[in-house]
Amino acid sequence: MTLLPSKPDAVGRYPATPAFLLDAGLSSLASRAEAWLEVPLPDKIEYLATVRKRTLEVSDDLVADAIRSKGVGEGLAGEDWLGGIVIQMRTMRFLEDTLRAIVEAGRPPIRPGDISERPDGQVVVRVMPGDSWDRLAYRGWTADVWIDPDIGRTDLWDHVGGIHTKPHLASAGVDLVLGAGNQLCIAPLDLVQKLFIEGRVAMLKYNPVNDYMGPYLEYAFGELIRDGFVRTAYGGADVGDYLAHHELVDAVHITGSARTFDILVFGPGEEGARRKAAGEPILGKPITGELGNVSPTIVVPGRWSDRALRYQAEHIAFQMLQNDGFNCTATKSLIVARDWAHKEAFIQELRRVLLRLPSRPAYYPGAEERWDRFVANHEDAEILGHRGPGVVPPVLLHDVDEAGEHLAFAEESFCSVTAITELGGDGPADFLRNAVAFCNDRLDGTLMATVVVDPQTEQEIASDLDEAIVGLRYGTVSLNIHAAAGFALGQTPWGGYPGATVADIESGIGFVHNARIIDRPQKTVIRSPFVITPKPPFFLTHRRSTPAMRAAAHFDGDPSILRLVRLMGYAAAP
């Protein structure tokens, strides 16, 4: 039983699933919740492998529908190959690998050499490179998961593998996934999280912005739908609210904004605000979520070559405008040193790259209103392109004083607006300390932070840089690669820094994309080279991004030397 309507309406969106079908779907799931727990792990692995295989089968048509819906051309399809398919392939492939290791060895494939301790005793697990293919395709990259400081090295094995190594923690239940509207991989991977990591059957409610994915996702999860473990639904916030409060739904997961979360949990308007202040939620069931961030990128001052200036300008333009900035990971706060010798040259180079990028329709609902509000709120807004009907060009908000009460600090714009804040400091180390304090104390959210630092400066301030990584209260901290890599790599847990509550949700509660099934991560730290050669094919300025990212999807879906060579061939022609 699927809940797929017979055809989309005139604007290409599906009509809302009626209440009687929602009720029937949840009733069906409730009748199968215990059965899913009893499915042997090898059989679950086969289900997951089928989802991965079928997703790749329909990927060309799904990406074509995505760019058609956004009103962009084939030249920008690389974004949806990355955000729609590559991330799914990696996450599911590494999760399959983890589950097979649990079947064969009783625990995830974490080797003794992957485990270390920091000087303060905190345990660290290296999850990338995840295999020999990672070592070839991502040369010089590492990703370390820092474990909850309360867990010692001798206790680590008690805190990996989740319900698959601790079956007494498993419980049958029906969970609701409220899908995101921006990236195609989010909804299916949230389903994978529920089914294969948490052991729960699930109802997925599509976001109306990208509900065109419905037929493709229902094909990919077809066997799980056939066997009663997944149901899907269409509609807007009213459908999501009905499902979240339904008596047959045991828990909820949402990807969206903190405002949407608060409305769901406490209700709308003044009464909702009163309930939140009083700690009186109207949704009393467990809820997890990934809720965005005013994402910072800290540019540590150093002695950069002209090549490095050009490269990092393209890198940060990618951070700002991948998916036209409709990402919770998009850089919204660019932090530079006031006295950096290369500051003006860097900003000029960034300006040049942004002006070079093609304009595109602002497809995400509310983008024009948010863009207008942020631009009107700041008198030093530099608009880099033409603001026309349905088009909101990149904007740099200059001279955003760190001590001021700025909209850009308190709210994620979720469009193509980035604020530049200049901080002082007596040299790179002092600047970095000031930047960490600014991010922690002034910017909304705890999801991710990016630090850009050249090799010589990194060596000179090594201990101060380590102190900064420790101090940044974010779920992912990355050096020299956009911290959205924590979302994309699959084997890295993705979520806000631990400590959020329903009353103060920050960037959310819980972790997803946790393919190595590490039970209690604190943060992920990712490192990559300062300049990657050849230029990464996911950069917006890469001329062959679309075929390269399509090749990356097929490589990560089923790695082979031939597929890697094909990917490298496209990447080598930037």
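Which residue in E13 does Ala337 stand opposite? In this predicted model, the residue facing Ala337 is Leu423 in E13. That pairing is a handy way into the fold, so let us start with the sheet around it and then turn to a second sheet, the charged pairs, the cysteines and a patch on the surface.

## The eleven-stranded sheet

Ala337 and Leu423 stand opposite each other where strand E10 (residues 331-337) meets strand E13 (residues 417-423). These two strands run parallel, and five bridges hold the pairing. Both belong to an open sheet of eleven strands. If you would like to trace it on screen, the order is E1-E2-E3-E17-E15-E14-E9-E10-E13-E12-E11, and the pairing is mixed.

What stands at the edges of this sheet? Strand E1 (115-117) is at one edge and strand E11 (381-383) at the other. Each has a single partner strand, so one side of each lacks a neighbour in the sheet. On average, and with direction ignored, neighbouring strands here are turned by 20° against each other.

## The six-stranded sheet

A further open sheet has six strands, in the order E6-E5-E4-E7-E8-E16, again with mixed pairing. Its edge strands are E6 and strand E16 (508-509), each of which pairs on one side only.

Strand E6 (residues 230-233) is an edge strand, yet both of its faces are covered. Val230 and Thr232 point to one side, Arg231 and Ala233 to the other, and all four are buried. Its partner, strand E5 (residues 201-205), runs parallel to E6 and is joined to it by four bridges. Within that pairing, Lys205 stands opposite Ala233.

Further along the sheet, strand E4 (residues 174-178) and strand E7 (residues 251-255) are also parallel, with four bridges between them. Here Val177 has His253 in E7 as its bridge partner.

## Salt bridges across the chain

The whole structure contains 44 salt bridges. One of them joins the side chains of Arg52 and Glu96, with 2.6 Å from N to O. Arg52 is in helix H2 (residues 41-57) and Glu96 in helix H4 (residues 77-105), so this contact ties together parts that lie 44 residues apart in sequence. Both ends are buried: Arg52 has a relative accessibility of 17%, and Glu96 has a relative accessible area of 2%.

Helix H4 also takes part in a salt bridge through Arg90, whose side chain meets that of Asp134 at 3.1 Å, N to O. Asp134 sits in helix H5 (residues 132-137), 44 residues from Arg90, and both residues are buried. This pair is part of a wider network of salt bridges that links Arg90, Arg93, Asp131, Asp134 and Asp556.

A further example connects two loops. Arg360 forms a salt bridge with Asp324, and their closest N and O atoms are 3.9 Å apart. Arg360 lies in the loop between helix H13 (343-356) and helix H14 (367-376), while Asp324 lies in the loop between helix H12 (306-321) and E10, so the contact ties together parts 36 residues apart in sequence. Arg360 is buried at 11% relative accessible area, as is Asp324 at 7%.

## Cysteines without disulfides

How many disulfides does the structure hold? The count is zero. Cys185 is in no disulfide, and the nearest cysteine sulfur, that of Cys328, is 10 Å away. Cys185 is also buried, with a relative accessible area of 0%.

Why is Cys415 without a bond to its closest cysteine? The closest cysteine sulfur, in Cys328, is 14 Å from the sulfur of Cys415, which is too far for a bond. A disulfide needs two cysteine sulfur atoms within 2.5 Å. Like Cys185, Cys415 counts as buried, at 0% relative accessibility.

## A nonpolar patch on the surface

To finish on the outside of the model, Leu136, Ile561 and Val565 make a nonpolar surface patch of about 270 Å². One of these residues, Ile561, is found in helix H21 (residues 561-571).

Key: Residues are numbered from 1 along each chain as its sequence is written. This is a predicted model: local features need pLDDT of at least 70, side-chain atom pairs count only at pLDDT 80 or more; totals for chains, interfaces and linings use all residues. Side-chain values use heavy atoms; hydrogens and water are left out. Patches are made of residues with over 30% relative accessible area and no salt bridge: like charges are joined within 9 Å, nonpolar side chains (Val, Leu, Ile, Met, Phe, Trp, Tyr) within 5 Å. Accessible areas come from the Shrake-Rupley method with a 1.4 Å probe; for residues, only the protein chains shown count as cover. A salt bridge is a side-chain nitrogen of Lys or Arg within 4 Å of a carboxyl oxygen of Asp or Glu. Buried means under 20% relative accessible area, exposed over 50%, partly exposed in between (1.4 Å probe, protein chains only). Two strands pair if DSSP finds at least two bridges between them. Axes are lines fitted to C-alpha atoms, for helices over the stretch in contact, and angles run from 0 to 180 degrees between N-to-C directions.
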